[in-house]
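Got your viewer open? Let's take a short walk through this structure, one selection at a time.

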Amino acid sequence: MMPLVGVPETIRCGMAPYRDVFCRAEGFEHISRYVTGLLLSPNKTLQGIYDMQVWEPGAPHSRRAMHEAVFEAGWAADALMPHHRAVIAGAHRGHGREVISLDWTYAHHERGPKIWGVKKAWDHVEHRLAPYQTVVTAVLANRARLDGIEVLVQQPNRQDEELAYLQETMRESYPQMEEARGRVLELLHHRVHCLGYKKRTDLAWDIVQQLEQEGHFPSAHYAFDHGVLSLELSRGIEHAGKHGVSELECSRNIQWQGQWHRVDTVAQTLRQAHPESFRAMRVHCRNGQTKLFWVFTKVVRLKRYGRKRLVVVHEQQDLGDTPRFLLTDALHWDSRRVLETWSYRWTAEIFHEFGKQVCGLEAAQVRKEEAVKRHFRLSCVAQSLLQQAPASGSETERFAFAQGAITIGQKVHTIARDALQSLLKLVEQLFAQGHSCEHILGVLMPA
């Protein structure tokens, strides 16, 4: 574990545009150190990040001061993300096509059942009961970079448990006014929870409304899977003058030859009776690869959704693989443009992996709602700062598989070199002042 002497220059320059969001200069220093720790510390808890810090002699510091500056000070997490989107908007202009990917993921917290937003429920990915947060994300991407632009944690739905409790404790009469008052409060709390709960699709629609209201990304269309697809979201994107590409569940019904059929049944009929209707098409994906697909497309009608363009996609020439069904409101788009836009949807998976493995979305132990929001949003900022960092990886890191592309590891290596340089300068200064090795060790790693 390498001690961190101040904030590396790369992080300091990247954090400069965010200074107005935060209150005091001392608090901003703590936040900059915290963001540095999210990238470089092996332990992503506040205690782990604080333990790596080396402070100037005589400078006031404490773990409590860092906790207060990051999680309790007057700056608001909801104000950080609009500012963050305004900052990164300029970096995305003039770099070709950009797409906003909407997605959701599970953030597991095996040791933190008391963390806000954590519930123990069935995890359909790992096929077991697990404590996790449901996180809805938005990622802006072009061919050169991707940035997380929003992270929302879904409030757990405990309405069934509350309703069972209310029914179990129901009484015909309350002779004492205090008992009646307490019962009314219980009913009001249940009602507040019912009104405050939002499904994943509702959170995704909230994100789209906020993004379109700000107008920082006027040319960015949307890509998302069936997990966030809803009628309100589809119509909202269309009313904003944009288009969305979504994955469609195989059980959805479409109007085919005057009758309603499941979309997978229609695809199977096409494969068996008219395989020539699937045309080979080369698509230049977001990651730079050119892939060959066999696709069928047609404008169809869905219940409630109306007329949409359906694209049935196979990756094998014999059509033996399970097809993917893509849906878009852009009736004038051809299959290639739909597939190219859909390839940007996987940037959300990259962002989820980065957040969990690098920024510790599943490692932080903060419990309150505001603290959870701040940690997630600062993780978005850290990810964007890493995107704009220059790369100076060692020769052994330039493997052939990268094909000359700059990797995340090389960017982290650059920031780590900046941190190590600051550490060496401090050690050099202390030696020049005549301090002993024991004294320097006490400065870098206090007993």
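Here come a helix pair, then some aromatic rings, and then two charges. Keep in mind as you click that this is a predicted model.

**Stop one: two helices.** Select residues 25-40, helix H2, and residues 369-387, helix H13. They pack at an angle of about 70 degrees, and their axes are 9 Å apart. Since roughly perpendicular covers 65 to 115 degrees, that makes H2 roughly perpendicular to H13. Now show the side chains where they touch: from H2, pick Ile-31, Tyr-34, Val-35, Leu-38 and Leu-39. From H13, add His-375, Leu-378, Ser-379, Ala-382, Leu-385 and Leu-386. What mix do you get in the contact of H2 with H13? Nine of these residues are nonpolar, two are polar and none is charged.

**Stop two: rings.** There are nine aromatic pairs to hunt for. Try Phe-22 and Phe-28, with ring centres 5.7 Å apart and planes at 40 degrees, so this pair is tilted. Phe-22 is buried at 6% relative accessibility, and Phe-28 is buried too, at 13%. Add Trp-75 to your selection, and you have one aromatic cluster of Phe-22, Phe-28 and Trp-75.

Next, jump to Trp-104 and Tyr-106: their ring centres are 5.2 Å apart and their planes are at 70 degrees, so the pair is edge-to-face. Trp-104 and Tyr-106 are both buried.

**Stop three: charges over rings.** Stay on Trp-104 and bring in Arg-200, whose charged end sits over the Trp-104 ring, 3.9 Å from its centre. Finally, select Arg-33 and Trp-55: here the charged end of Arg-33 sits over the ring of Trp-55, 4.0 Å from the ring's centre.

Definitions and conventions: Residues numbered from 1 in each chain as written. Predicted model: local features only at pLDDT ≥ 70, side-chain atom pairs only at ≥ 80, totals over all residues. Heavy atoms only, no water. Axes fitted to C-alpha atoms, helices over the stretch in contact; angles between N-to-C directions. Helix = DSSP H or I, 4+ residues; strand = E, 2+ residues; numbered from the N terminus. Parallel < 35°, antiparallel > 145°, perpendicular 65-115°, else oblique. Contact = heavy atoms within 4.5 Å. Nonpolar A, V, L, I, M, F, W, Y, C, P; charged D, E, K, R; others polar. Phe/Tyr/Trp six-rings, centres within 6.5 Å; stacked < 30°, edge-to-face > 60°. Buried < 20%, exposed > 50% of the residue type's maximum accessible area, 1.4 Å probe, protein only. Lys NZ or Arg CZ within 6 Å of the ring centre and 35° of its normal.
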